[in-house]
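Please look over the model shown here, beginning with the chain as a whole and then turning to a single position within it.

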Amino acid sequence: MTAFDGQERAADALLGMFRVYRRAYDTFRLPVISTGRSFEFYRRVFFDGQSEAEVLGGLAGKLVVDIGCGLTPFTSNSMFRACHDAGIEFYGVDPKMNGQLRLGHFDRLKIYFNNPRARLDRNAPGAERRVAAYAHQLPFDDASVDVILSSWLLFIWIEDEAALAEIFAEFHRVLKPGGVLRQYPMTKWRPELLADAAWREVSSRFEITQRFLRPGLHWWNVPPSYTGTFTKKS
Ligand SMILES: C[S@@+](CC[C@H](N)C(=O)[O-])C[C@H]1O[C@@H](n2cnc3c(N)ncnc32)[C@H](O)[C@@H]1O
């Protein structure tokens, strides 16, 4: 077995375990759990560990959208805060932004385990750029977005191929030509395994590259898995 096979298996195992967890949620009709991430997490999973200055410099003048952002806009050490301070247009999209987010004791407990150095604050600088919407119906103009980020939503909570096709068609609509979606975590991309014709067609409109990430920032935050870059082809 090569190291590469091992990486693919590790990523498959993670998603397999998560599938069991999600089925329990589906069975008991529980709401999708929301967490909040640090800028350090974003730098690691989306920006190849670049420094804060490099990440923010690369995003200067760009429109950036975080899909399924959860509690991240309200965390004190988030990328929302860093982008706010650097003057970067950075929006967080999550259907829970319509008021369902309570920031109660359970939320603080989740933050303590995922991102212990963060505080939760409903009025955190940058949090005003939060938008109540679903990934498949984004309130952004055609070809207006430079970068989409999404962590712990696609391929994890949303795995149905028809749903992914609808969401990625929407990403394709709002992204500028050459614009990118950065997505974490996911298994090795295997287009030959896609069953749904619409999903096969929509995903072929993106150039897909992946990088394997070793565990870090505590393994439950960054378990062994792939991070993917989906670049809009035209
Ligand atoms: C596990 S949380 C991830 C939060 C954050 N991105 C992180 O990495 O901690 C998934 C989030 O996606 C949101 N969500 C669920 N379905 C969605 C959809 N169709 N479109 C956009 N966001 C969705 C949930 O409300 C939840 O806050």
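How many helices and how many strands does the protein chain have? In this predicted model, the protein chain has seven helices and seven strands, and, read from the N terminus on, these elements follow one another in the order α-α-α-β-α-β-α-β-β-α-β-α-β-β. The radius of gyration of the protein chain is 17 Å, close to the 17 Å that the globule rule gives for 234 residues, so the chain is as compact as a globular protein of that length. Taken along the principal axes, the box filled by the C-alpha atoms of the protein chain is roughly 45 × 35 × 35 Å.

The contacts and the burial add to this picture. Among contacts in the protein chain between residues at least 6 apart in sequence, 81% join residues that are at least 24 apart, while buried residues account for 36% of the 234 residues.

One position that can be followed in detail is Ala135, which lies in the loop between β3 (130-131) and β4 (145-151). Is Ala135 buried or exposed? Because 20 or more C-beta neighbours within 10 Å are required for a residue to be called buried, Ala135, with 23 such neighbours inside 10 Å, counts as buried. When its neighbours within four places in sequence are left aside, Ala135 is in contact with Ile67, Gly68, Val93, Ile167 and Glu170. As for Arg44, this residue is 91 residues apart from Ala135 in sequence, and the two are 23 Å apart in space, C-alpha to C-alpha.

Note on methods
Residues are numbered from 1 along each chain as its sequence is written. This is a predicted model: local features need pLDDT of at least 70, side-chain atom pairs count only at pLDDT 80 or more; totals for chains, interfaces and linings use all residues. Helices (H or I, at least four residues) and strands (E, at least two) are DSSP runs, numbered from the N terminus. A residue is buried if 20 or more other C-beta atoms lie within 10 Å of its own, exposed if 12 or fewer, and partly exposed in between; C-beta atoms are placed from the backbone. Two residues are in contact if their C-beta atoms, placed from the backbone, lie within 7 Å. The radius of gyration is taken over C-alpha atoms; the globule rule is 2.2 Å times the number of residues to the power 0.38.
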